[in-house]
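The two exercises below ask you to work from contacts to cores, and then from bridges to strand pairing. Please keep the sequence and the coordinates at hand while following each solution.

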Amino acid sequence: MRIREWQDVLEDVTERNVDPKDWRAVAGDRAGGVGEDMYLAHPRAGVFFLKTYAKNPYEVRGVGTQVARNLDDEIGSFMPREESGGRFAVQSPPEDEDQAETVSKRLQTVLETHSDAPTRPQDLFDDVMDALESPAFGPMEYDQYDRPDELDDLADRFEEADELLHAELDELIETDAVDRGFM
């Protein structure tokens with residue numbers, strides 16, 4: 001298992017040549033420390049595990065790794081279904097002005113279309129992500145105040161990775177001195 005910076009792991013996610021709509025995510029508070037845990041999964045791309053924390057309001061730091069090469073039925077049972085209420089997306093900025101203009105025109109068309117027809121919020125989200133050329137998006141189980149049960153189940157399933165990433169993140173937190181309060 002290769003532990004890397006969280007942004008490098010997300011770059012791997014964005015570079016996968018898979019259907020961007022098939023990604024799933026589970027995230028919440030990190031057990032026993034500052035920050036959050038997140039699992040990203042795709043049937044053909046595998047399962048990725050990230051541990052992050054906000055060093056300050058402008059900078060997120062963290063570590064991550066790929067914990068499985070594919071998404072089997074057991075791991076998939078911990079991931080949210082399409083009808084889940086939460087959504088997530090991984091975005092890449094436009095490469096140049098021409099691409100930005102093309103994307104903005106597509107986005108405008110999507111919003112105009114959805115304003116004229118009654119649609120579900122999930123459908124609007126999916127169409128907006130398609131227009132923005134998001135490389136990964138889908139349903140997400142997330143709890144900003146606690147840990148979803150699925151997150152604990154995945155941590156048990158990938159216990160070794162959880163322990164290694166936990167230790168690496170704790171080292172980052174100590175180095176950045178964000179584990180101390182103000183006096």
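Contact here means that heavy atoms lie within 4.5 Å. The model is a predicted one.

**Exercise 1.** Determine which residues L154 touches, leaving aside residues up to four places away in sequence, and place L154 within the largest nonpolar core.

*Solution.* Step one is to list the partners: once residues up to four places away in sequence are set aside, L154 touches V26, Y39, I75, F78 and M79. Step two is to turn to the core itself, which has 22 residues and in which L154, together with Y39, V47, I75, M79 and F158, touches the most other members. Step three is to ask where the members come from: β3 (36–42), β4, β5, α5 (149–157) and α6 (159–176) each supply at least two residues of this core, and the largest share, five residues, comes from α6. Step four is to keep this core separate from another one, which lies apart from it and has 17 residues, among them L10, V18, A25 and M38.

**Exercise 2.** Work out which strands pair with β5 (residues 59–68), in what sense, and over how many bridges.

*Solution.* Begin with β4 (residues 46–56), which pairs with β5 in the antiparallel sense over nine bridges; within this pairing, Y53 has R61 as its bridge partner in β5, and a hairpin of two residues joins β4 to β5. Then take β1 (residues 4–5), which also pairs with β5 in the antiparallel sense, over two bridges, with G64 in β5 as the bridge partner of R4.

Technical notes. Residues are numbered from 1 along each chain as its sequence is written. This is a predicted model: local features need pLDDT of at least 70, side-chain atom pairs count only at pLDDT 80 or more; totals for chains, interfaces and linings use all residues. Side-chain values use heavy atoms; hydrogens and water are left out. Two strands pair if DSSP finds at least two bridges between them. Helices (H or I, at least four residues) and strands (E, at least two) are DSSP runs, numbered from the N terminus. A nonpolar core is a set of buried Ala, Val, Leu, Ile, Met, Phe, Trp, Tyr and Cys residues joined through side-chain atoms within 4.5 Å. Buried means under 20% relative accessible area, exposed over 50%, partly exposed in between (1.4 Å probe, protein chains only).
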